[in-house]
Amino acid sequence: MTIDAKDMINSILDSVSRIDYIKPEDLPNIDLYMDQVTTFMEDQLSASKRYEEDKILTKTMINNYAKNKLLPPPEKKRYSREHLLMLIFIYYFKNILSISDIQTLLGPVTEKFFKSTSGKDLTYIYNEVFGMEKGQIEYLKKDLLKRYNAASSTFEDADEEDQEFLKKFSFICLLSFDVYVKKMLIEQLIDDMGPECDSKRSKKVKKQPKEQ
């Protein structure tokens with residue numbers, strides 16, 4: 001591994017180490033108006049932006065989420081702690097899932113836990129899910145290093161001036177394949193959660209040819 005390659009992988013691992021999430025104790029204890037919501041999300045999640053000019057959340061996005069029933073409507077134009085938690089989930093899901101998939105996934109969560117009066121509310125759900133984050137970061141760092149080393153061993157017989165690009169291309173392909181497979185798995189799991197799942201399965205069974 002060359003010095004430049006070491007710098008690159010160390011930079012990647014350092015970026016992964018800085019990945020964080022909004023902790024429940026960081027959420028405001030008062031309801032917020034739209035502008036306050038977008039400002040809060042921008043402040044808390046700005047490190048996840050690819051470009052400085054990117055927007056974490058806009059008024060149009062929030063209105064679209066409410067229109068598509070991903071987000072319960074605000075009360076007197078103000079958004080509660082529960083609204084913020086739902087927006088955080090939506091923010092992460094929207095990068096890999098369709099609107100309909102997010103609806104299927106978050107619908108039961110909203111129905112049962114949004115504004116729940118029991119101890120098992122949205123904060124409970126959020127804590128359980130994001131509590132796994134620290135362990136996952138360490139696993140991810142080891143997995144990235146393993147994949148990077150595998151990609152670095154490719155194209156040894158390529159022309160020297162092409163090797164750096166081709167090895168990086170291999171690394172990107174490995175990461176992309178991983179994302180592709182996991183996205184397929186996520187979509188299958190969501191399909192199994194949907195109300196039309198049983199009817200889809202029955203149609204597939206009917207279409208299968210009879211055994212001779």
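In which helix is Gln-163 found? In this predicted model, Gln-163 belongs to helix α8, which spans residues 160-193. With a relative accessible area of 18%, Gln-163 falls under the 20% limit and therefore counts as buried. When residues up to four places away in sequence are set aside, Gln-163 touches Phe-155, Glu-156 and Ala-158.

The chain as a whole contains 9 helices and 2 strands, and these elements follow one another along the sequence in the pattern α-β-α-α-β-α-α-α-α-α-α. Of its 212 residues, 32% count as buried. The chain exposes about 15,000 Å², and carbon and sulfur atoms supply 54% of that area. Among the contacts with a separation of 6 or more, 62% are accounted for by residues 24 or more positions apart.

Helix α4, formed by residues 81-93, has 13 residues and reaches 19 Å from its first C-alpha to its last, which is close to the 18 Å expected at 1.5 Å a residue. This helix is mostly covered, since 10 of its 13 residues are buried. The buried residues are Glu-82, His-83, Leu-84, Leu-85, Met-86, Leu-87, Ile-88, Phe-89, Ile-90 and Tyr-91. They pack against the strands β1 (32-33) and β2 (78-79), and also against the helices α2 (34-45), α3 (59-67), α5 (99-113) and α6 (122-130).

The largest nonpolar core of the model has 35 residues, and those with the most contacts inside it are Ile-22, Val-37, Met-41, Leu-57, Ile-62, Leu-87 and Tyr-126. Helices α2, α3, α4, α5 and α6 each supply at least two residues of this core, and α4 gives the most, with 8 residues. Apart from this core lies another, of 6 residues, among them Ile-9, Leu-144, Ala-151 and Phe-171. The surroundings of one residue of the largest core can be followed in more detail: leaving aside neighbours within four places in sequence, Val-37 is in contact with Leu-32, Leu-57, Ile-62, Tyr-79, Leu-84 and Leu-87.

Another buried position lies in the loop between α1 (3-17) and β1, where Tyr-21 is found. The relative accessible area of Tyr-21 is 18%, and because buried means under 20%, this residue is placed in the buried class. Apart from residues up to four places away in sequence, Tyr-21 touches Tyr-92, Tyr-126, Phe-130 and Glu-133. In the case of Glu-133, the two residues are 112 residues apart along the chain, yet their C-alpha atoms are separated by 8.3 Å.

Charged side chains form a further set of links. Side chains of opposite charge can pair when their charged atoms come close. In this model, the count comes to 9 salt bridges. One of them joins the side chains of Glu-82 and Lys-115, with a distance of 3.7 Å from N to O. This pair links distant parts of the chain, as Glu-82 lies in helix α4 and Lys-115 in the loop between α5 and α6, 33 residues apart. Glu-82 is buried, because its relative accessible area is 16% and the limit is 20%, whereas Lys-115, at 39%, is partly exposed.

A salt bridge also forms between the side chains of Lys-167 and Glu-156, at 3.1 Å from N to O. Here too, distant parts of the chain are linked, with Lys-167 in helix α8 and Glu-156 in the loop between α7 (133-152) and α8, 11 residues apart. Lys-167 counts as buried at 16% relative accessibility, while Glu-156 counts as exposed because its value of 51% is over 50%. Glu-156 is also one of the residues touched by Gln-163.

Within helix α8, Asp-178 forms a salt bridge with Lys-182, and the closest N and O atoms are 3.1 Å apart. Both residues lie in this helix, 4 residues apart, which is about one turn. An α-helix has 3.6 residues a turn, so residues three or four places apart point the same way. Lys-182 counts as partly exposed, at 43% relative accessibility. Salt bridges that share partners join Asp-143, Arg-147, Asp-178 and Lys-182 into one network.

Terms used: Residues numbered from 1 in each chain as written. Predicted model: local features only at pLDDT ≥ 70, side-chain atom pairs only at ≥ 80, totals over all residues. Heavy atoms only, no water. Expected span 1.5 Å × (residues − 1). Buried < 20%, exposed > 50% of the residue type's maximum accessible area, 1.4 Å probe, protein only. Contact = heavy atoms within 4.5 Å. Core = buried A, V, L, I, M, F, W, Y, C linked by side-chain atoms within 4.5 Å. Salt bridge = Lys/Arg side-chain N within 4 Å of Asp/Glu carboxyl O. Areas by Shrake-Rupley, 256 points an atom, 1.4 Å probe, with all protein chains shown as cover.
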